[in-house]
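Student: I'm new to this one, so please pick a single part and walk me through it closely. Start wherever there is room inside.

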Amino acid sequence: MKNYEDITIALLLHDFHNDYNVALYKGAISVASKLGVSVVTFGVGSFKSPFQNMEMRTRLFSLVSTRDFDGIFYVSSSLSNYIGVERFLEYAASLGDVPSAHVGIRHDSLLTFGIDNYSGMYDAVSHLITEHGRRKIAYISGTHGVYEADVRFQAYRQALADNNIAYDERYVYEGSFLREDGVSAVKAFLDDRKIAIDGLVGANDHMALYAMKELQNRGISVPEQVSISGFDDLSSARSCTPALTTVHQSAFELGSFAMRRLAEGIHDGKIETRHEQLPARLTVRQSCGCQAGTAAHRAANHEESSDTLSEKER
């Protein structure tokens with residue numbers, strides 16, 4: 001058994017430039033502070049990223065030594081975004097045998113954490129169909145081979161099938177969780193493939209929001225002509241017009257939950273290999289076509305949650 005005050009954990013994420021990573025970090029640090037655990041954070045970029053600065057940061061991996069840390073907390077979903085889980089785990093294994101927790105992936109031989117990606121996305125797509133009568137729903141996926149992206153895509157296809165809508169690959173654009181993919185997807189759907197859409201779902205909020213902006217720039221009304229839903233519930237989803245219907249995942253809770261489990265495992269001298277997940281709920285706002293006309297509902301759309309940076313933190 002190891003005292004919490006003697007535990008030092010390396011926290012590896014790809015950057016601090018988005019709400020999700022910052023909220024995960026805040027949750028993890030909050031629990032570590034309460035337990036007395038020391039945390040050293042590394043912004044290590046993403047392997048094989050198309051952005052040079054992100055690729056160059058991966059050199060920081062060499063600074064993480066098992067001699068200095070009792071455990072490693074990986075935000076594995078973003079770290080593996082361009083190379084897939086298996087290749088990323090090869091990099092992780094090169095750091096040596098050290099207790100670890102991985103957020104955003106699922107693997108039978110590791111302690112992993114996530115949210116219920118499948119139910120969240122299934123509910124989002126089904127909502128557009130059953131509540132708003134949408135039948136031509138385009139989908140912007142995340143990176144193929146990344147766990148969260150693959151599960152959300154499976155849910156999209158199943159929601160279509162369960163509502164007697166035939167799957168059509170023309171309605172799917174393979175993105176990589178980047179906001180620019182939202183613009184590129186709309187151009188692909190409308191300009192290149194020349195298909196009519198009445199709904200659009202993004203595998204994350206960034207892509208959904210930029211797709212909505214591109215549609216609006218073209219004079220296409222949201223939600224009157226196209227209903228839109230995203231996934232994550234970032235602060236920008238609450239402040240845009242119309243406010244984005246999306247799947248809420250509390251990155252703060254996920255970070256705190258995973259850090260507690262890792263610290264407890266190191267403390268007890270036993271790290272179990274299992275996957276644990278938190279629920280993900282559909283948060284209905286205006287971009288899908290639902291109306292939120294009351295002052296109370298409007299206030300709720302703009303409320304500050306633990307996943308939102310305060311003005312001081314910005």
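**The largest pocket and the strand before α8**

Tutor: Let's start with the largest pocket, which holds about 970 Å³ of space. A pocket here is found on a 1 Å grid over the protein atoms alone: it is an open set of points where a 1.4 Å probe fits, with protein on both sides within 12 Å along at least five of seven lines. Grid points are joined across faces, edges and corners, and the volume is the space filled by probe spheres set on them.

A quick word on what you're looking at: this is a predicted model, where local features need pLDDT of at least 70 and side-chain atom pairs count only at 80 or more, while totals for chains, interfaces and linings use all residues. Residues are numbered from 1 along each chain as its sequence is written, and side-chain values use heavy atoms, leaving out hydrogens and water.

Back to the pocket. Its lining (residues with an atom within 4 Å of a point) comes to 38 residues, and N18, F177, L178, N204 and H206 lie nearest the centre. Two or more lining residues come from each of α1 (19–35), α2 (52–57), α3 (76–79), α6 (147–162), α8 and α9 (235–239). Helices are DSSP runs of H or I, at least four residues long, and strands are runs of E, at least two, numbered from the N terminus. The largest share, 6 residues, is from α8. Sorted by class, the lining has 12 nonpolar, 18 polar and 8 charged residues. Nonpolar covers Ala, Val, Leu, Ile, Met, Phe, Trp, Tyr, Cys and Pro; charged covers Asp, Glu, Lys and Arg; the others, Gly among them, are polar.

Now follow α8 back to strand β8 (residues 199–202). G199 and V201 on one side, and L200 and G202 on the other, are all buried, meaning under 20% relative accessible area with a 1.4 Å probe, protein chains only. In a regular strand, side chains alternate between the two faces of the sheet.

And the neighbours? β8 pairs in the parallel sense with β6 (residues 137–141) over 4 bridges; strands count as paired if DSSP finds at least two bridges between them. One such bridge joins I137 to G199. β8 also runs parallel to β9 (residues 227–229), over 3 bridges, with V201 opposite S229. From β8 the chain crosses through α8 (residues 205–217) to β9, a right-handed β-α-β crossover: with the strands pointing away from you, the path from the first strand over the helix to the second runs clockwise.

Notes. Buried < 20%, exposed > 50% of the residue type's maximum accessible area, 1.4 Å probe, protein only.
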